[in-house]
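Biologist: Could you take me on a close look at how the interior of this model is packed, ring by ring and side chain by side chain?

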Amino acid sequence: SLSSGPVVGPIQFLCHDVSPFAYRPIHEFWWERDRPSSSLVYYSTERVFCEVAMRLFYTDHFELPLPDDHRFPMSKYRLLRERVATAEWARDCELIVPDAASDEQLALVHDREYLHRVAAGELSEKEVRRIGFPWSPELVERSRRSTGATIAAARSAIRDGVSVNMAGGTHHAFRDRGEGFCVFNDAATAAAVLRQEMPEIETVL
């Protein structure tokens with residue numbers, strides 16, 4: 001199975017085969033695998049120890065042209081990446097810019113007519129208000145990249161045991177509309193992509 005682990009701020013942890021631990025708050029988390037050779041990450045209140053070159057996906061440089069008084073703290077993604085890039089525990093981790101999610105991947109969970117209207121800038125005023133961001137080409141690209149990051153992190157979690165999308169969790173989006181600063185549902189899309197690519201996956205948490 002694939003389980004989506006704890007979300008800390010904008011970080012979305014994706015862990016493979018560690019579901020008993022997936023929903024404990026990270027500040028309470030201390031994990032040791034039964035098989036020392038496959039132990040991957042240990043969490044504690046003080047530090048995070050990585051024993052693999054974990055892949056961390058980021059999209060913060062795909063910025064949105066937001067008004068100065070907009071309430072969404074977009075800079076948090078950049079600040080997070082900068083902090084991680086200089087962290088001792090992340091010295092062996094790999095920071096990666098993901099590919100954008102494709103139309104075919106997004107269409108596994110989203111209505112194609114909605115995808116067309118998003119790409120063409122044809123959302124109604126009501127739909128734009130529900131999303132909470134003004135429409136722009138940058139919004140479309142950013143949303144595709146963020147979803148692509150979750151897909152890439154999910155694949156890496158299957159291969160390596162754990163991976164991170166540092167700007168994931170856009171789970172408020174519905175099949176035919178966005179909502180709550182979410183244009184595309186990255187978690188649902190990644191789950192659908194993995195189940196298509198790997199039929200042996202039975203459960204995604």
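Modeller: Happily, and let me begin with the cysteines: the structure holds zero disulfides, a disulfide being a pair of cysteine sulfur atoms within 2.5 Å. Cys-93 is buried at 15% relative accessibility, and Cys-182 is buried too, at 4%; here buried means under 20% relative accessible area, exposed means over 50%, and partly exposed is in between (1.4 Å probe, protein chains only). Please keep in mind that this is a predicted model, in which local features need pLDDT of at least 70 and side-chain atom pairs count only at pLDDT 80 or more, while totals for chains, interfaces and linings use all residues. Residues are numbered from 1 along each chain as its sequence is written, and side-chain values use heavy atoms, with hydrogens and water left out.

Now to the rings. Rings of Phe, Tyr and Trp (its six-membered ring) pair if their centres lie within 6.5 Å; planes under 30 degrees apart count as stacked, over 60 as edge-to-face and the rest as tilted. That rule gives five aromatic pairs. One of them joins Phe-72 and Phe-181, a tilted pair with 4.8 Å between centres and 55° between planes. Phe-72 sits in the loop between strand E5 (55–57) and helix H1 (75–85), and Phe-181 in the loop between strand E7 (162–165) and helix H6 (186–197), so the pair links parts of the chain 109 residues apart; helices (H or I, at least four residues) and strands (E, at least two) are DSSP runs, numbered from the N terminus. Phe-72 is buried, at 15% relative accessible area, whereas Phe-181 counts as partly exposed at 21%. Another pair is edge-to-face: the rings of Tyr-114 and Phe-184 have centres 6.5 Å apart and planes at 80°. Tyr-114 belongs to helix H3 (residues 112–120) and Phe-184 to the loop between E7 and H6, so this pair ties together parts 70 residues apart in sequence. Tyr-114 is buried at 1%, and Phe-184 at 2%.

Ring pairs also link Phe-72, Tyr-77, Phe-133 and Phe-181 into a cluster. Phe-133 touches Leu-64, Leu-66, His-70, Phe-72, Met-74, Val-128, Leu-139 and Phe-181, leaving aside residues up to four places away in sequence; contact means heavy atoms within 4.5 Å.

Phe-133 leads us to the nonpolar cores, each a set of buried Ala, Val, Leu, Ile, Met, Phe, Trp, Tyr and Cys residues joined through side-chain atoms within 4.5 Å. The largest has 26 residues, and those with the most contacts inside it are Met-74, Tyr-114, Val-118, Phe-133, Val-183 and Phe-184. H3, H5 and H6 each supply at least two residues of this core, and H5 gives the most, with four. Apart from it lies another core, of 11 residues, among them Leu-80, Ala-87, Cys-93 and Val-162.

H5 deserves its own visit. Of its 24 residues, 17 are buried, so the helix is largely enclosed by the rest of the structure. Ser-146 has its place in H5 and is buried, with a relative accessible area of 5%. Its contacts, not counting residues up to four places away in sequence, are Thr-59, Asn-165, Ala-167, Gly-168, Thr-170 and Asp-186. Just after H5, Gly-161 takes a positive phi of about 105°.
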